[in-house]
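Open the model in your viewer and keep the selection tool at hand, since this tour moves from one selection to the next and says what is found at each stop.

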Amino acid sequence: MRRKVAAGNWKMNGLKASIAELKALKASTAGANCDIIICPPATLIAAMAAVSGDIIIGGQDCHWNETGAHTGDTSAEMLKDAGAGAVILGHSERRADHGETDAEVNKKTLAAWRAGLQAIVCVGETEAQRDAGETLDVIGGQLDGSTPDATTAANTIVAYEPVWAIGTGRTPTLEEVAEVHDYLRAKLVTRFGDEIGNGIRLLYGGSVKPGNAVEIFAVSNVDGGLVGGASLKATDFSGIVSAAES
Ligand code: PGA
């Protein structure tokens with residue numbers, strides 16, 4: 001039985017005033033029967049981790065080195081030191097905006113583990129790739145390349161996020177979500193064995209809202225969601241947390 005996850009990705013949104021949303025979320029989700037992760041911008045990690053209670057605070061990216069001459073980058077150890085417990089890696093916006101490759105995401109995942117962070121590794125096809133019938137090949141290749149051999153259910157969560165569904169209000173059909181998640185599950189079992197492969201949580205991301213979370217989270221091999229826009233307001237995200245509890 002995999003414990004479900006409601007993970008929020010605030011992206012480049014949030015000032016100190018937004019800590020009030022985290023506090024409201026904490027109050028409305030106390031005792032929730034699922035894991036709750038909020039990934040704010042790096043500037044808010046320390047302040048939010050200080051008041052987050054059972055809510056895990058996460059980063060949105062990290063460098064693979066521990067320290068060094070990498071202006072503007074943040075190491076996994078720095079995220080951990082600020083109070084983070086997790087980090088999103090290989091989000092499609094990082095892959096698109098910063099040219100991140102599977103090999104780099106793999107190195108970042110190793111860095112996250114080194115620092116004691118849980119890695120949330122993202123994969124997902126573009127609309128052109130889906131239209132060309134390449135979805136399973138693309139995400140299969142991303143999964144293989146981005147996850148190190150020592151992946152376990154404890155150190156890694158995988159998020160399937162179709163690029164064309166992110167921030168668009170469009171989602172795949174439930175059958176399409178099931179097809180991808182069943183495929184990812186089978187690949188994980190083949191590579192890591194029954195116990196680890198069946199234990200790794202698989203999140204769906206891309207236009208998850210309070211109104212569609214229940215049906216999406218009920219799909220085969222969907223263990224919760226990675227949520228952008230609808231994670232910014234506690235009132236919206238607490239509805240998604242409730243969906244992850246059922
Ligand atoms: P969205 O973003 O929920 O706003 O579509 C999801 C994500 O990018 O993680």
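Begin by selecting Lys11, which is partly exposed, because its relative accessible area of 21% is not under the 20% that would count as buried. Keep in mind throughout the tour that this is a predicted model. Lys11 sits in the loop between strand 1 (5-9) and helix 1 (19-28), and its backbone has a positive phi of about 55° although the residue is not a glycine. As background for that angle, most residues other than glycine have a negative phi.

Next, keep Lys11 selected and add the ligand to the view. An N or O atom in the side chain of Lys11 is 2.7 Å from an oxygen atom of the ligand. Now add Ser207, where a backbone N or O atom lies 2.8 Å from a ligand oxygen atom, and then Gly229, where a backbone N or O atom lies 2.9 Å from an oxygen atom of the ligand. Taken alone, the ligand exposes 280 Å², and the protein buries 96% of that area.

Which residues come nearest to the ligand, of the 13 around it? Select Lys11, His91, Glu161, Gly167 and Ser207 to see them. If you colour the whole shell around the ligand by class, you will find four nonpolar, seven polar and two charged residues.

From here, go to Ser92, which lies in helix 4 (residues 92-98). Ser92 is buried, because its relative accessible area of 17% is under 20%. Leaving aside residues up to four places away in sequence, Ser92 touches Val163 and Ile166.

For a second backbone with an angle like the one discussed at the start of the tour, select Asn221, which has a positive phi of about 65° although it is not a glycine. Asn221 is placed in the loop between helix 10 (210-217) and strand 8 (224-227). Is Asn221 buried or exposed? With a relative accessibility of 19%, Asn221 counts as buried, because the value is under 20%.

Finally, turn to the nonpolar interior by selecting Ile38, Phe217 and Phe237, which touch the most other members of the largest nonpolar core, a set of 58 residues. Ile38 has contacts, not counting residues up to four places away in sequence, that include Trp10, Leu22, Met48, Ile56 and Phe237. Apart from this largest core lies another core of twelve residues, and you can locate it by selecting some of its members, among them Val5, Ala7, Ile88 and Leu226.

Note on methods. Residues are numbered from 1 along each chain as its sequence is written. This is a predicted model: local features need pLDDT of at least 70, side-chain atom pairs count only at pLDDT 80 or more; totals for chains, interfaces and linings use all residues. Side-chain values use heavy atoms; hydrogens and water are left out. A residue is near a molecule or strand if one of its heavy atoms lies within 4 Å of it. A polar contact is a pair of N or O atoms within 3.5 Å; within protein, one must be able to donate a hydrogen and the other to accept it, and residues adjacent in sequence count only if both atoms are side-chain atoms. Accessible areas come from the Shrake-Rupley method with a 1.4 Å probe; for residues, only the protein chains shown count as cover. Ala, Val, Leu, Ile, Met, Phe, Trp, Tyr, Cys and Pro count as nonpolar, Asp, Glu, Lys and Arg as charged, and the others, Gly among them, as polar. A nonpolar core is a set of buried Ala, Val, Leu, Ile, Met, Phe, Trp, Tyr and Cys residues joined through side-chain atoms within 4.5 Å. Buried means under 20% relative accessible area, exposed over 50%, partly exposed in between (1.4 Å probe, protein chains only). Contact means heavy atoms within 4.5 Å. Helices (H or I, at least four residues) and strands (E, at least two) are DSSP runs, numbered from the N terminus.
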